[in-house]
Amino acid sequence: MELFKGFVLCLVISVGPIYSSDDGMCVAREQCTAPEAKQTNNKLYSADFNKYFSAIEASVAAYVPCNSTNCNCHADVLKADLKPFKAQGITLEAINRAKQYGTHYQVVDHRLYRQRDCMFPARCSGVEHFVKPLLSHLPNMDLIVNCRDWPQIHRHWSKEKMPVLSFSKTVDYLDIMYPAWAFWEGGPAIALYPTGLGRWDLHRKSITKASTDWGTKESKAFFRGSRTSDERDALVLLSRAQPSLVDAQYTKNQAWKSPQDTLNAEPAREVTLEEHCRYRFLFNFRGVAASFRFKHLFLCRSLVFHVGDEWLEFFYPSLKPWVHYVPVPVRSSPEELEALIRFFQEHDEMAREIAERGYEHIWNNLRMADVECYWRKLLKRYGKLVRYTVERDASLIEV
């Protein structure tokens with residue numbers, strides 16, 4: 001009788017008006033209106049649900065798994081990032097112009113040198129962790145490594161192409177993406193991770209160990225994080241209105257001064273990455289740039305809801321919407337978020353399948369070996385584009 005769900009058939013024998021009691025039964029005195037409201041809501045949900053069904057079906061049908069050998073899942077990103085320099089190569093003039101945008105490194109005679117001052121020492125240390133083991137295989141080169149959160153070389157604002165390496169960007173930037181320092185150290189520092197989020201190799205083990213069976217996970221959406229953007233407000237407001245559907249709360253950040261900074265509520269306690277695994281639906285939002293949280297969420301074997309598609313890291317393009325995660329438009333309303341969450345609550349097996357594909361993709365294609373492989377390919381192909389003789393800069397220190 002699923003076809004008649006949400007409808008109430010009122011058979012009235014008595015003469016006189018009809019009304020609806022609080023429990024939805026029709027009794028005499030005034031007209032029943034609740035069934036019409038339910039019918040309207042069901043129609044709205046049906047339209048959304050059909051849209052989600054179609055998107056999932058089409059995306060899964062078109063999906064071709066990538067070649068996971070030799071970090072080839074991410075090969076297209078590297079090719080696209082280096083393409084602007086293919087014709088003229090990387091010149092000394094371009095390097096000199098780019099120095100203002102990042103930390104200057106040199107590889108000379110298989111030794112690594114860096115400018116004395118590094119804006120973020122832990123981030124530089126994370127970068128150096130990946131570069132040093134490769135030195136014996138690298139030609140001489142200059143590198144300008146941006147350790148800030150924001151990319152530097154805008155496609156339309158920058159008159160000349162400059163080779164600046166950044167961990168994250170949008171399609172509007174020409175920066176060359178590299179695997180972030182935070183795969184080793186120097187990630188966001190909070191009370192739970194006072195030295196910064198890092199050691200991807202260890203988190204892969206600890207989060208996967210904490211991941212519970214799908215059937216034991218709480219069937220609700222979850223988010224914890226600071227209010228770095230008001231794009232997160234809709235989910236937090238939905239949580240306050242429907243706490244049985246969503247648990248989304250703001251935590252403190254370094255700029256927190258009062259409850260106004262956490263959307264007029266006291267800040268929630270911080271939650272470990274492992275604790276996220278208790279929930280079936282995990283939301284990811286961008287931070288200042290791409291979110292360091294994103295890759296960790298998949299390890300819970302929970303369904304990841306990824307808000308926005310503007311910001312990228314080198315491995316993002318290998319993940320496909322509706323195949324590995326649920327794409328969520330930026331500025332979705334609380335009502336739109338509710339419809340999306342309820343769809344996957346009601347289609348539990350479909351949610352579990354997407355979650356499992358997401359986990360398998362990250363587990364198999366974003367190993368520490370893949371991160372190291374990408375660094376190796378990046379620097380070797382970058383080195384082949386150098387069009388000048390690299391001379392040792394005496395102002396740099398060996399690291």
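User: What does the accessible surface of the protein chain come to, and what share of it belongs to carbon and sulfur atoms?
Analyst: Keep in mind that this is a predicted model, and that the values below are computed from it. The accessible surface of the protein chain is about 20,200 Å². The share that belongs to carbon and sulfur atoms is 53%.

User: How many helices and strands are there, and what percentage of the residues count as buried?
Analyst: The protein chain holds 10 helices and 13 strands. It has 399 residues, and the share of them that count as buried is 47%.

User: Which residues touch the most other members of the largest nonpolar core, and which helix gives the largest share of this core?
Analyst: In soluble globular proteins, nonpolar side chains tend to be buried together. The largest nonpolar core here has 79 residues, and those touching the most other members are Tyr 178, Phe 183, Phe 315, Trp 375 and Tyr 382. The largest share of this core is seven residues, and they come from helix 10 (residues 368–384).

User: Why does this core lie between domain 1 and domain 2?
Analyst: Domain 1 covers 74–187 + 373–398, while domain 2 covers 190–366. The core lies between them because residues come to it from both domain 1 and domain 2.

User: Where is Asn 365, is it buried or exposed, and how far is its C-alpha atom from that of Phe 315?
Analyst: Asn 365 has its place in helix 9. Its relative accessible area is 8%, and buried means under 20%, so Asn 365 is buried. Along the chain, Asn 365 and Phe 315 are 50 residues apart, yet the separation of their C-alpha atoms is 8.8 Å.

User: At roughly what angle do the axes of helix 5 and helix 9 cross?
Analyst: Two packed helices are described by the angle between their axes and the distance between the axes. On the helix 5 side, Trp 200, Arg 204 and Thr 208 meet Tyr 359, Ile 362 and Trp 363 of helix 9. The crossing of helix 5 and helix 9 is left-handed. The axes of helix 5 (residues 200–210) and helix 9 (residues 348–365) come within 12 Å, and the angle at which they cross is roughly 145 degrees.

User: Which elements do the buried residues of helix 4 pack against?
Analyst: Helix 4 (residues 121–131) has several buried residues, including Arg 123, Cys 124, Glu 128 and Phe 130. The buried residues of helix 4 pack against strand 3 (103–108), strand 4 (111–114), strand 5 (141–145) and helix 10.

User: Is Ser 239 buried or exposed, and which residues is it in contact with, leaving aside neighbours within four places in sequence?
Analyst: Ser 239 is found in helix 6 (residues 233–241). With 8% relative accessibility, Ser 239 counts as buried. What covers the buried residues of helix 6 includes strand 9 (246–250) and helix 8 (334–346). Leaving aside neighbours within four places in sequence, Ser 239 is in contact with Val 246, Asp 247 and Ala 248.

User: What is the phi of Trp 322, and is this residue buried or exposed?
Analyst: Most residues other than glycine have a negative phi. Trp 322 is not a glycine, but its phi is positive, at about 70 degrees. The place to look is the loop between strand 11 (303–307) and strand 12 (326–328). With a relative accessible area of 12%, Trp 322 is buried.

Methods:
Residues are numbered from 1 along each chain as its sequence is written. This is a predicted model: local features need pLDDT of at least 70, side-chain atom pairs count only at pLDDT 80 or more; totals for chains, interfaces and linings use all residues. Side-chain values use heavy atoms; hydrogens and water are left out. Helices (H or I, at least four residues) and strands (E, at least two) are DSSP runs, numbered from the N terminus. Buried means under 20% relative accessible area, exposed over 50%, partly exposed in between (1.4 Å probe, protein chains only). Accessible areas come from the Shrake-Rupley method with a 1.4 Å probe; for residues, only the protein chains shown count as cover. A nonpolar core is a set of buried Ala, Val, Leu, Ile, Met, Phe, Trp, Tyr and Cys residues joined through side-chain atoms within 4.5 Å. Domain bounds come from an automatic or database domain assignment. Axes are lines fitted to C-alpha atoms, for helices over the stretch in contact, and angles run from 0 to 180 degrees between N-to-C directions. A crossing is left-handed if the near helix is turned anticlockwise from the far one by less than a right angle, and right-handed if clockwise. Contact means heavy atoms within 4.5 Å.
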